[in-house]
Amino acid sequence: MAQGQRARNPIIYADVPDVAMIRVGDTYYMSSTTMHMSPGLPIMKSKDLVNWQLVNYAYATLDSLNELNLTNGKSTYGRGSWASSLRFHKGLYYVTTFSQTTGKTYIYTTRNLEKGPWETHSFKPSLHDHSLFFEEDGRVYMIYGGGKLRMVELKADLSGVKEGTDQVLIENASAPAGPHINLPAEGSQLFKVNGKYYLFNIVWPKEGMRTVLVHRADKITGPYEGKVVLQDKGVAQGGLIDTPDGKWYAYMFRDFGAVGRIPYLVPVQWKDGWPVLGTNGKVPEELSLPASKGLIPGIVASDEFARKKGEPALPLVWQWNHNPDHALWSVTKRKGYLRLTNGPITSDFLLARNTLTQRTIGPESTGSTLLDLSHMKEGDFAGLSLLQKMYGLVGVKYEKGVKYIVMVSAQSGSPVEEERVPLHQKTVYLKAECDFKERRDVVGFYYCLDGKSWKKIGKPLKMAYTLPHFMGYRFGLFSYATKTPGGYVDFDYFRLHPKIFESKE
């Protein structure tokens with residue numbers, strides 16, 4: 001997938017929003033948001049700012065509540081944990097986040113970002129879009145909020161906010177973008193460069209696009225002066241990173257339809273003590289960095305579900321939809337297969353536990369799987385999904401003693417069965433082909449009985465990025481019971497390709 005010898009924007013054509021980044025020596029680390037997914041708060045690593053690899057998560061589960069566990073009819077789509085802050089200070093790595101679901105702020109610390117172990121601190125309140133900052137005098141601060149930005153000092157043991165330290169830092173941080181604001185300045189990230197403080201924020205003016213603001217001060221407490229530093233393509237929210245040889249970049253993301261919010265790098269020059277973003281104020285398509293080798297296997301990957309001794313049960317590319325029930329899945333009960341066993345009864349795909357997901361990738365991607373359906377029970381439903389509020393899926397329903405291949409579309413906001421075909425065998429191949437080129441955002445669904453010829457089923461789904469889920473579409477392997485628990489299906493593999501194969505009827 002390398003295009004020439006230079007990197008191109010977007011750096012990652014997949015849902016990796018709210019990026020925070022640090023450099024330790026010659027290694028870059030990046031954290032991002034995955035909200036309701038588990039494990040959460042992904043950590044990625046790179047040597048060149050372009051080719052990234054998932055290396056860890058800050059938490060296995062954020063907390064145990066009905067909303068996070070998909071129990072008692074509750075969910076926490078689009079909430080969970082949001083924008084993180086990432087720091088390295090005196091030999092310790094700090095990854096912080098906050099949650100609307102629990103109302104808390106979380107601080108995860110480790111000496112080894114790639115291997116752990118992690119220590120967890122959490123406290124109330126939930127400090128929105130905060131930036132963790134270590135001052136040279138040993139004090140620790142968090143800047144947070146939207147529009148009116150505030151700052152608190154944390155207790156030395158990170159157990160909470162020091163009483164009486166909450167103060168207004170910038171009364172109206174949106175002001176440099178004008179008086180008519182759609183979304184007030186948020187997404188704070190604070191940096192200290194050559195003795196000055198630089199606070200990055202995103203703002204969305206009415207009748208405009210998402211915009212990057214920087215406020216500058218000589219002291220952390222201010223006063224701060226602010227200006228618009230980038231207004232192009234809606235690329236915004238992020239901060240600064242420097243290379244070992246002294247080059248500077250800003251890392252940002254762009255809302256890009258159904259594939260999600262995708263990361264960009266923007267070159268930075270310094271002028272009169274201000275960071276100047278972009279090439280003549282624009283986000284360049286090409287960058288003076290090494291070319292991408294593609295997102296497979298660093299960010300997404302195929303999986304044959306074969307495990308060697310000592311290998312983790314699931315590679316890091318996988319995340320569960322909400323907290324999983326670990327008693328109901330296995331890659332060891334049948335060697336070379338992922339087994340999903342059905343737990344509590346539900347009629348709603350979005351409330352079914354243990355859907356195993358990976359990001360879709362652009363500009364196009366295909367996900368396929370092979371299922372063994374021998375042990376389904378009456379009322380069971382299993383298959384391959386494209387997960388978002390307006391989801392689509394192809395799967396097998398077991399109804400009144402007959403198995404049917406079905407395609408379901410929730411494009412209207414509610415699930416509609418578009419087509420069903422009786423199935424007279426124990427195995428079936430399923431496939432979904434996603435086209436994100438120029439925001440086409442269409443996925444087609446297919447099945448195959450003999451491993452050779454694919455047949456279309458149902459109709460293509462017009463994918464739509466919706467705020468209730470707040471996430472790009474994900475491939476998902478699912479199985480759930482609508483009548484009786486205990487049935488199961490075995491997935492032989494999940495294969496991901498960075499292109500669409502023109503499926504022949």
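**Exercise 1. Find the residue with a positive phi in the hairpin of β16 and β17, then work outwards through the sheet.**

Start at the turn: 5 residues lie between the two strands, and E207 is the one with a positive phi near 60°. Strands here are DSSP runs of E, at least two residues long, numbered from the N terminus. This is a predicted model, where local features need pLDDT of at least 70, side-chain atom pairs count only at pLDDT 80 or more, and totals for chains, interfaces and linings use all residues. Residues are numbered from 1 along each chain as its sequence is written, and side-chain values use heavy atoms, with hydrogens and water left out.

Next, the pairing (at least two DSSP bridges between two strands). β16 and β17 run antiparallel over 7 bridges, with Y197 partnered by A217. On the other side of β17, β18 pairs over 5 bridges, again antiparallel, and H215 sits opposite G226.

Finally, zoom out: the open sheet reads β15-β16-β17-β18. β15 (181-193) and β18 (225-230) each have a single partner strand, so one side of each is left without a neighbour in the sheet.

**Exercise 2. Work out which residues of β17 point which way, and whether they are buried or exposed.**

Take the strand, residues 211-217: 7 of its 7 residues are buried, meaning under 20% relative accessible area with a 1.4 Å probe, protein chains only (exposed is over 50%, partly exposed in between). Now split them by direction: T211, L213, H215 and A217 go one way, V212, V214 and R216 the other. That fits the usual rule: in a regular strand, side chains alternate between the two sheet faces.

Terms used:
Helix = DSSP H or I, 4+ residues; strand = E, 2+ residues; numbered from the N terminus.
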